[in-house]
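Biologist: I'd like to learn how to read a structure feature by feature. Could you walk me through this one?

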Amino acid sequence: MPRTLLITGPGGAGRTTVAAGTALAAARAGQRVLLLSADPAADPGTVPGLRFAGIDSGEEFRAELAALQERGASLIGMLGGRPLGAEEITELPGAEQFALLRALRRAAAAPATDLVVVDMPPLHQSVTALALPAQLRRYLARLLPAERQAARALRPVLAQLAGVPMPAQWLYEAAARWDEELAAVQAVVEAADTAVRVVAEPGAAADAALRAGLLGLALHQLPVTDLVANRLVPRDSADPWVAGLAARQDAFREEWSRDLRVLALPHTGGEPRGPGSPAALAGAGPLNPPAAPGRPRWAVEDRRAEDGVLVWAVPLPRARKSELDLIRRGDELLLAVGPHRRIVSLPSALRRCTVSGAALTDGVLRIRFTPDPQLWPRAH
């Protein structure tokens, strides 16, 4: 599987151009690169070692719906429905996310590829899209459990007793196909060689969007390699307005550098896109992709000897206590931070404990678990 570098950030900061510049810099360094983008402007043209693949969400949606109709033709006919013609199908909201995920799955199997650079949607949409595979697999497992398929021989009897038809076998087969496809995408998202590069133009609006987006990435354990501070104006300008803007940009860069490695790219004098922009950016700053840091671990610290508890450390940089929430449900923990939510399975040791408290210190949520005497092994 090739390495995957996901490029995202608040809108309007040159995310697409930086993605193209990153891919171009990697190709110039001798890597075989595949650049994925839904924006044709990201295509840098003919460059040795660099291939471009567009993401067409409309075409993807039409093809998927046509295939679904074909597989469910008998059920649609039984219900008196009429299949939609290809010319009638227009993509629905959310189709872009699924097209992106399918493109990620295909790119992971691309031959002769060392690096896949992905021009992602804006930061908040990227967090949602990258969390989808794991979330949808969980929904499928709850709504259409695989073990129910073993009871298909009983469905005619159950249908007579209940007076309603039981789910058709094709539904379970479709669920199995969806789960397999989602698992393949999830494997790419959670791979040790997958990382995120964030692009932002320093300013108050970008700072607010970054804080929320980086919290979402941290909650889903998606590693961020660095932050590209783009469109920086000259510090030594004689124009007081430009000099003031440069000072404000410097202040935000300093704040961001407390949590991330920050790369600096200058303002090119125009819109951060266009045929010449990727080449200009690739030559203007250190855009070569860094080594992937690996998926962040949520370490469990054994403090039973000192405090009688186990502590689960969850890094959440720049989180605020007022926006945190957690709920224990059986062997799972629902974590919420701001607009982001995630349900995670507890490590085996923590399943035999009760949640006894939590504290947020220095950007790390430390959840305390007290061993349950009824479940914890006793020393002899």
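Modeller: Sure, and keep in mind that this is a predicted model. Let's start with empty space inside the protein. A search of the whole structure turns up two cavities of 30 Å³ or more.

Biologist: What is the volume of the second largest cavity?

Modeller: About 30 Å³.

Biologist: Which residues line the second largest cavity?

Modeller: The lining is made of R3, T4, L5, L115, D193, A195, T225, P290 and A292. Sort them by chemistry and you get five nonpolar, two polar and two charged residues. You can also sort them by element: strand β1 (residues 3-8) gives the most to this lining, with three residues.

Biologist: What does β1 pair with? I'd like to follow that strand a bit further.

Modeller: When you read a sheet, look for the bridges and then for the direction. β1 and β4 run parallel and are joined by five bridges. As a landmark, I7 stands opposite D119 in β4. There is another neighbour to find: β2 and β4 are also parallel, with four bridges between them. In that pairing, L35 stands opposite V117 in β4.

Biologist: Is β4 buried or exposed?

Modeller: For burial, count residues under 20% relative accessible area. In β4, five of the five residues are buried, so the strand is largely enclosed by the rest of the structure. Then check each face of the strand. L115, V117 and D119 are buried on one side of β4, and V116 and V118 are buried on the other, so to speak a strand with both faces covered.

Biologist: How many residues does the largest nonpolar core have?

Modeller: It has 35 residues, and L36, V118 and L217 are the ones with the most contacts inside it. Several elements give two or more residues to this core, among them β2 (33-37), α4, β4 (115-119) and α8 (204-219). The largest share comes from α4, with six residues.

Biologist: How do I read a helix such as α4?

Modeller: Begin with its length. Helix α4 (residues 95-108) has 14 residues and reaches 20 Å from its first C-alpha to its last, close to the 20 Å expected at 1.5 Å a residue. Next, see which residues are covered: the buried ones are A95, A99, L100, L101, R102, A103, L104, A107 and A108.

Biologist: Can we try the same steps on α1?

Modeller: Good practice. Helix α1 (residues 15-28) has 14 residues, which should span 20 Å at 1.5 Å a residue, and its end C-alpha atoms are indeed 20 Å apart. As for burial, 13 of the 14 residues of α1 are buried, so the helix is largely enclosed by the rest of the structure. Just after α1, have a look at G30, with a positive phi of about 100 degrees.

Biologist: Which residues other than glycine have a positive phi?

Modeller: Two to look at are A112 and R231. A112 has a phi near 50 degrees, and R231 has one of about 60 degrees. Their settings are worth reading too. A112 is found in the loop between α4 and β4, and its relative accessible area of 47% makes it partly exposed. R231 lies in strand β6 and counts as buried at 14% relative accessibility.

Biologist: Let's move further along the chain. What does β9 pair with?

Modeller: Strand β9 (residues 309-315) is mostly covered, with five of its seven residues buried. On one pairing, strand β8 (residues 300-303) and β9 are antiparallel over four bridges, and the bridge partner of E301 in β9 is V311. On another, six bridges join β9 to strand β14 (residues 364-371), again in the antiparallel sense. There, V314 has L365 in β14 as its bridge partner.

Biologist: Where is W298?

Modeller: In the loop between α10 (277-284) and β8. A loop residue may be covered or open, and the accessibility tells you which. W298 counts as buried, because its relative accessibility is 10%. Finally, compare position along the chain with position in space: W298 and P347 are 49 residues apart along the chain, while their C-alpha atoms are separated by 10.0 Å.

Terms used:
Residues are numbered from 1 along each chain as its sequence is written. This is a predicted model: local features need pLDDT of at least 70, side-chain atom pairs count only at pLDDT 80 or more; totals for chains, interfaces and linings use all residues. Side-chain values use heavy atoms; hydrogens and water are left out. The expected span of a helix is 1.5 Å times one less than its number of residues. Buried means under 20% relative accessible area, exposed over 50%, partly exposed in between (1.4 Å probe, protein chains only). Two strands pair if DSSP finds at least two bridges between them. On a 1 Å grid over the protein atoms alone, a cavity is a set of points where a 1.4 Å probe fits but cannot get out, and a pocket is an open set with protein on both sides within 12 Å along at least five of seven lines; lining residues have an atom within 4 Å of a point. Grid points are joined across faces, edges and corners, and a volume is the space filled by probe spheres set on the points. Ala, Val, Leu, Ile, Met, Phe, Trp, Tyr, Cys and Pro count as nonpolar, Asp, Glu, Lys and Arg as charged, and the others, Gly among them, as polar. A nonpolar core is a set of buried Ala, Val, Leu, Ile, Met, Phe, Trp, Tyr and Cys residues joined through side-chain atoms within 4.5 Å.
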